[in-house]
Amino acid sequence: MQLPLPVTLPDDETFDSFIPGGNDEVVSLLSCVASHSPDWRGEPALALLDAASIPLINLVGSSGRGKSHLLYAMCHQLAAREIPHAYVNFTDVVTLSPKLLEALEQLPVICLDNLEAIAGHAAWEEAVFDLINRVSETRFGMLIVAAQSGPNASDVRLPDLRSRISAGLTYQLVSLSDEQRGEVLSSRAQQRGLSLSAQALHYLLNHSQRDLPSLMALLDRLDQRSLQEQKKISVALVKRELAEDADPSAS
């Protein structure tokens, strides 16, 4: 078993396409986990994780800091090595059953994304708590948990769950600088075979929302527009797309 849900992870969100910025330490840690699982215990670079009471890594940060990207990257690298793993996105919590988490402790790596979405859902909070306990007891696999808030600031209501999560290693992801955001956009454009001029990139970064999800969504639309019109992504094309954002009736 690799993915318990019929999800398709973005092909271009890998460790190679991730711009670390000030997050080098956690990126190195996760890459090492993906490279050595399931036999990661005893690896010198993972000694801190091995010594933790619960083999769990928390990725904390507001939207757009790359938490999901890092989970996708983990899954891609594990899949390439044919290592069983699971990815669960809790934003779909209302359409899923907590039974989804049953027996996941048998897998080497379990990635749980958007943990904040289960806050207030008692059955889900209990299910995640039970999963963490089973992972701790078996000492076989590990959990990578992504959330917008750290365990101590979480809206999760079950105190025992917050306590279990706190027992893991927590990394607060830092945001990228404008220059680094530009690197991300340029890299993603190159991967897609897009022609994005330096002038268009500069205009895009200075006249649109600066969080990465919004920038990536805009790049997707510019990609479609350039294909439809058979034109390069120019400043004029970016201006037109942003103008339609401001006035949807213009489209």
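The questions and answers below deal with a predicted model, in which local features need pLDDT of at least 70, side-chain atom pairs count only at pLDDT 80 or more, and totals for chains, interfaces and linings use all residues. Residues are numbered from 1 along each chain as its sequence is written, and side-chain values use heavy atoms, with hydrogens and water left out.

Q: In what order do the 5 strands of the open sheet lie?
A: Strands are DSSP runs of E with at least two residues, and helices are runs of H or I with at least four, both numbered from the N terminus. Two strands pair if DSSP finds at least two bridges between them. The pairing in this sheet is parallel, and the order is 2-3-4-1-5.

Q: Which strands stand at the edges, and why is one side of each left without a neighbour in the sheet?
A: Each of the two has a single partner strand, so one side has no neighbour in the sheet. The edge strands are strand 2 and strand 5.

Q: Which residue of strand 4 is the bridge partner of N58?
A: Strand 1 and strand 4 run parallel and are joined by 5 bridges. In strand 4, the partner of N58 is V145.

Q: What does helix 3 reach from its first C-alpha to its last?
A: Helix 3 covers residues 67–80, which makes 14 residues. The expected span of a helix is 1.5 Å times one less than its number of residues. For helix 3 the expected value is 20 Å, and the helix comes close to it, reaching 20 Å.

Q: Which residues touch the most other members of the largest nonpolar core?
A: A nonpolar core is a set of buried Ala, Val, Leu, Ile, Met, Phe, Trp, Tyr and Cys residues joined through side-chain atoms within 4.5 Å. Buried means under 20% relative accessible area, exposed over 50%, and partly exposed in between (1.4 Å probe, protein chains only). This core has 32 residues, and those touching the most other members are L30, I57, L59, M74 and I144.

Q: Which residues does L30 contact, leaving aside its neighbours within four places in sequence?
A: Contact means heavy atoms within 4.5 Å. With those neighbours left aside, L30 is in contact with F15, I57, L59, L70, M74 and I144.

Q: Why is there no bond between the sulfurs of C75 and C111?
A: A disulfide is counted when two cysteine sulfur atoms lie within 2.5 Å. C75 is buried at 2% relative accessibility, and C111 is buried at 0%. The C111 sulfur has its closest cysteine sulfur in C75, but the distance is too far for a bond: 4.2 Å.
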